[in-house]
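Here is a set of short exercises to work through with the model open in your viewer. Try each task before reading its solution.

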Amino acid sequence: MFNLNALIRENIKNLKPYSSARDEYSGSASVFLDANENPFNTPYNRYPDPFQGEVKEKLAAIKGVPAQNIFLGNGSDEPIDLLYRAFCEPKVDNVISISPSYGMYTVCANINNVELRNVLLTKDFQLEADAVLEKVDAHTKLIFLCSPNNPSGNLLDKVEMLKIVTSFHGLVVVDEAYIDFCPDESLLGDLLKHPNLVILQTFSKAWGLAGVRFGMAYVSNEILTVLNKIKYPYNLNILTQKVVLEQMENLEQKEGWVNEILEEKEQMIRELRKLDYVSKIYPSDANFVLIKAEKAREKYNILVEKSIIIRDRSKVVLCEDCLRITIGSKEENKQLFAALKEL
Ligand SMILES: *Cc1c(COP(=O)(O)O)cnc(C)c1O
């Protein structure tokens, strides 16, 4: 049986969280003299809404998820770190991540002094639930999955992911940073059936807001309570909240970008197929493509000299001679194609 309370670190369970002025009085009023704010320089003088009520309401309507199941962070990197801090006792607990995958799971494990156990994907970058579950012991608190996965670009098998969710008694974190490029494949519809499921999404990719730093974790209300208890009181500044509210008014714009990027991806794949030094183009469900190329590092360096930067992933496990290419604008992609032809 899943028991969230048994997973929380003892010090966090006992923690008395910081109580801000806006926690102690959150209603409306005409005179606020409780937070030592400066009366000048409106609107920047006021602290932001600590629980981002307005943003959550709007996001809830777009995503079809209740606001009480949404945690908002300064990028999705914030909830990743908070999950470690809430649930993983340094030097005692462990977490499992698929490999290769996003680097932040490992970095946060190292910062928090928590053991990370890597489970290799298959050579086609697919997930085998049993290989992950084999590594679980009594101290395993979190399992990180990433779908579509970075750097491979593919969706993970949904049946295998749900097998892990239903068999494991800790939290399963499914990072869906790229899910807007294949929205029907999201696990969000399964969220409320699984109290141990955490789904991460972000506005950094499809929404074009990487510089604004806005990410979300969809969670049970119990997990939300734990994350709220330990986050910085005002983790999302008013500028971020304002920009995100504005951008959510324009869903069509984001969907237009996604469609354009997907069309450009097809063009990118057609161009890559023409190159004899490219031996493999991995299937992509994201806004980037992973390829295997002869002398990958050398090709990367030549592109750098031409002022075109892609990502060299050739030192990553299962990614020997692999390069990762983000889909850019039509013009950027054309410049890349021209350079690739000369290599
Ligand atoms: C880009 C990316 C993110 C985004 O992180 P933010 O902190 O929201 O910018 C998260 N996960 C993966 C796998 C990514 O590739």
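Helices (H or I, at least four residues) and strands (E, at least two) are DSSP runs, numbered from the N terminus. You're looking at a predicted model, where local features need pLDDT of at least 70, side-chain atom pairs count only at pLDDT 80 or more, and totals for chains, interfaces and linings use all residues. Residues are numbered from 1 along each chain as its sequence is written, and side-chain values use heavy atoms, with hydrogens and water left out.

**Exercise 1. Place arginine 117 and decide: is arginine 117 buried or exposed?**

Step 1: find the strand. Arginine 117 sits in β3, which covers residues 115-120.

Step 2: apply the accessibility cut-offs. Buried means under 20% relative accessible area, exposed over 50%, and partly exposed in between (1.4 Å probe, protein chains only). Arginine 117 has 18% relative accessibility, so it counts as buried.

Step 3: look for a side-chain partner. A polar contact is a pair of N or O atoms within 3.5 Å; within protein, one must be able to donate a hydrogen and the other to accept it, and residues adjacent in sequence count only if both atoms are side-chain atoms. The side chains of arginine 117 and glutamate 115 make one at 2.9 Å.

Step 4: list the neighbours. Contact here means heavy atoms within 4.5 Å. Skipping residues up to four places away in sequence, arginine 117 touches Asn94, Val95, Ile96, Ser97, Lys135, Asp137 and Thr140.

**Exercise 2. Work out which residues come nearest the ligand, then pick out atom pairs.**

Step 1: collect the shell. A residue is near a molecule or strand if one of its heavy atoms lies within 4 Å of it. There are 13 residues around the ligand, and Asp175, Tyr178, Thr202, Ser204 and Lys205 come nearest.

Step 2: check the ligand nitrogen. A polar side-chain atom of aspartate 175 lies 2.7 Å from a nitrogen atom of the ligand.

Step 3: check ligand oxygens. An N or O atom in the side chain of lysine 205 is 3.3 Å from an oxygen atom of the ligand. For aspartate 77 it's a backbone N or O atom, 3.2 Å from a ligand oxygen.

Step 4: follow the helix that holds residue 77. Helix α5 spans residues 77-87, and 9 of its 11 residues are buried. Those buried residues are Glu78, Pro79, Ile80, Asp81, Leu82, Leu83, Tyr84, Ala86 and Phe87.

**Exercise 3. Find which residues touch leucine 72, and set its surroundings beside those of glycine 153.**

Step 1: locate leucine 72. It belongs to strand β1 (residues 70-73), and it counts as buried because its relative accessible area is 0%.

Step 2: gather its contacts. Outside the residues up to four places away in sequence, leucine 72 meets Gln52, Val55, Lys56, Leu59, Phe214, Gly215, Met216, Asn235 and Leu236.

Step 3: compare sequence and space. Leucine 72 and tyrosine 218 are 146 residues apart in sequence and 8.7 Å apart in space, C-alpha to C-alpha.

Step 4: now glycine 153. It lies in the loop between β4 (140-146) and α8 (158-167), and its relative accessibility of 0% makes it buried. Beyond its neighbours within four places in sequence, it contacts Pro148, Pro283, Ser284, Asp285, Ala286 and Phe288. Its C-alpha is 43 Å from that of asparagine 45, with the two positions 108 residues apart in sequence numbering.

**Exercise 4. What polar contact joins the side chain of aspartate 180 to another side chain?**

Step 1: place the residue. Aspartate 180 is in the loop between β5 (171-175) and β6 (197-202).

Step 2: check burial. At 7% relative accessibility, aspartate 180 is buried.

Step 3: name the partner. The side chains of aspartate 180 and lysine 254 are joined by a polar contact of 3.0 Å.

Step 4: add the other contacts. With neighbours within four places set aside, aspartate 180 touches Lys63, Thr202, Ala206, Trp207, Lys254 and Val258.
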